[in-house]
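Let's take a walk through this one together. Keep the model open beside you as we go from the inside to the surface and on to the charged pairs.

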Amino acid sequence: MFAIGLQTDGMFPYPEKLDGGRYTLWLRDTRITSWASIDFVPGAEESEVYQSGPRELWGELMAAHAWWDGQGRPGFERFGLTVTPDGATWAWLDSPEHPVPAVG
């Protein structure tokens, strides 16, 4: 979730636990213009995604996860943050020359 949070500006996830180990993952943007939900059922091979609004939050989450997975699933210790004197900021992986890409 840390790496996904760095890449998805203003996306807020909320898992809702249900009976029997099931849960619904809710996504919303902080502007409250877009949302997505997906119900997870233990053992199910597929789940249906519902979403609405100008942002495709599920697609953003999946793209951010794919990037993190493709980088070898790095932990917190491989990330850093640069803040310049003029106020520019960016998160990076392994060195400031490798910024974390935004997907949203």
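Helices and strands here are DSSP runs (H or I with at least four residues for a helix, E with at least two for a strand), numbered from the N terminus. By that scheme, Asp-94 sits in the segment after strand S6 (89-93); we'll come back to it. Before going further, note that this is a predicted model, so local features need pLDDT of at least 70 and side-chain atom pairs count only at pLDDT 80 or more, while totals for chains, interfaces and linings use all residues. Residues are numbered from 1 along each chain as its sequence is written, and side-chain values use heavy atoms, with hydrogens and water left out.

Start on the inside. A nonpolar core means a set of buried Ala, Val, Leu, Ile, Met, Phe, Trp, Tyr and Cys residues joined through side-chain atoms within 4.5 Å. Buried stands for under 20% relative accessible area, exposed for over 50%, and partly exposed for anything in between (1.4 Å probe, protein chains only). The largest such core has ten residues: Ile-4, Met-11, Leu-25, Leu-27, Ala-36, Ile-38, Leu-57, Trp-58, Leu-61 and Ala-64. Strand S2 (23-29), strand S3 (35-40) and helix H2 (57-70) each put in at least two of them, and H2 gives the largest share, with four residues.

Pick out Ile-38 for a closer look. Leaving aside residues up to four places away in sequence, Ile-38 touches Tyr-23, Thr-24, Leu-25, Ser-47, Glu-48, Val-49 and Trp-58, where contact means heavy atoms within 4.5 Å. Another core, of six residues, lies apart from the ten-residue one, with Trp-67, Ala-91, Leu-93 and Val-100 among its members.

Now follow H2 itself. With 14 residues, H2 reaches 20 Å from its first C-alpha to its last, close to the 20 Å expected at 1.5 Å a residue (the expected span is 1.5 Å times one less than the number of residues). Its buried residues are Leu-57, Trp-58, Glu-60, Leu-61, Ala-64 and Trp-67. Just after H2, Gly-72 takes a positive phi of about 90 degrees.

Two other residues have a positive phi although neither is a glycine: Ile-32, at about 60 degrees, and Asp-94, at about 75 degrees. Ile-32 lies in the loop between S2 and S3 and is exposed, with a relative accessible area of 67%.

So what about charged pairs? Side chains of opposite charge can pair when their charged atoms come close. Taking a salt bridge as a side-chain nitrogen of Lys or Arg within 4 Å of a carboxyl oxygen of Asp or Glu, the count comes to three. In one, Arg-55 meets Glu-60, with the closest N and O atoms 2.5 Å apart, and both residues are buried. Arg-73 and Asp-69 make another, at 2.7 Å from N to O; here Arg-73 is partly exposed at 48% relative accessibility, as is Asp-69 at 38%.

That brings us back to Asp-94, which forms a salt bridge with Arg-78, the closest N and O atoms being 2.7 Å apart. This pair links distant parts of the chain, 16 residues apart: Asp-94 follows S6, whereas Arg-78 is in the loop between H2 and strand S5 (79-83). Asp-94 counts as partly exposed at 46% relative accessibility, and Arg-78 is also partly exposed, at 28%.
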